Amino acid sequence: MNSTNLRSVDLESLELATKNKLENLKFLQKMKSTKQLDAVFQKAHDAEFKKTDCLNCGNCCKTTSPIFRDTDIKRIAKHLRVKEAAFIAQYLRIDEDRDYVLQSSPCAFLESDNTCNIYEYRPLACREYPHTNRKNMYQILELTATNTMICPAVARIVEQLKIK
Ligand code: SF4
Ligand code: SF4
């Protein structure tokens, strides 16, 4: 697990999620049939993020990449006053799904205090991460299982849902 400078509570959450990888995947797949699934997640998400400050973590920015849509690239390049092609050449690559993603992790825009130096201009995927408060959660339950091993808050949300 490439999770540097995390609080012990967050490391423990990620370690438990890695240990419970298969169990969590099966549990989340079963949740597909849960009534009012979005509301169930929203409630657990709100409760978790009342306690969790992303500035104490930053693990998503340290270990994974958001997808950069064309509109994200346009907005960020404009903000940085570089040509889109130059921005792409410097920071991005195309992944196996043919999406633009970061060339390397941690993200080049992550500061040492876990702030994002393009915060106002960051990709939509960064704004929406960890995707536990969105509509149609049934579509991303496998992704959520993967995110339990990246985001300690998601790991705790899933643990909370399991005891309900
Ligand atoms: S753009 Fe900002 S929010 Fe997105 S991964 Fe990089 S540092 Fe994190
Ligand atoms: S979204 Fe999750 S992984 Fe990212 S900084 Fe917040 S708690 Fe950490």
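Let's start at a single residue: K43 is found in helix α3. The model you are looking at is a predicted one, and K43 makes a handy first stop in it. Is K43 buried, exposed or something in between? Its C-beta atom has 16 neighbours inside 10 Å, and because a residue needs 20 or more to be buried and 12 or fewer to be exposed, K43 counts as partly exposed. From here you can also look across to a part of the chain that comes much later in the sequence: K43 and T132 are 89 residues apart along the chain, yet 9.7 Å separates their C-alpha atoms.

Now step back to the whole chain. The domain assignment splits it into domain 1 (8–61 + 130–162) and domain 2 (65–128). The C-alpha centres of these two domains lie 24 Å apart. Where they touch, domain 1 contributes six residues and domain 2 contributes seven residues. On the domain 1 side of that contact, three residues are nonpolar, two are polar and one is charged.

Next, let's go inside. In soluble globular proteins, nonpolar side chains tend to be buried together. Here, the largest nonpolar core has 20 residues, and the members that touch the most others are C151, V154, A155, I157 and V158. Four helices give two or more residues each to this core: α1 (8–19), α3 (37–51), α4 (59–63) and α9 (152–162). Which of the elements gives the most? That is α9, with five residues. The core also reaches over the domain assignment, drawing at least three residues from each of domain 1 and domain 2.

Helix α9 deserves a closer look. Its buried residues are P152, A153, V154, A155, R156, I157 and V158. What do they pack against? Their partners are α1, α2 (21–30), α3, α4 and α8 (141–147), and α3 is the helix that holds K43. As for C151, one of the best-connected core members, its contacts include N59, C60 and P130, leaving aside residues up to four places away in sequence.

Our last stop is ligand 1. Which residues are around it? They are C61, P66, C107, F109, L110, C116, I118, R122, P123 and C126. Sorted by class, this shell has nine nonpolar residues, no polar ones and one charged residue. The charged residue is R122, because Arg is counted as charged while Cys, Pro, Phe, Leu and Ile are counted as nonpolar.

Note on methods:
Residues numbered from 1 in each chain as written. Chains lettered and ligands numbered in written order. Predicted model: local features only at pLDDT ≥ 70, side-chain atom pairs only at ≥ 80, totals over all residues. Near = placed C-beta within 6 Å. Core = buried A, V, L, I, M, F, W, Y, C linked by C-beta atoms within 7 Å. Domains from an automatic or database assignment. Contact = placed C-beta atoms within 7 Å.
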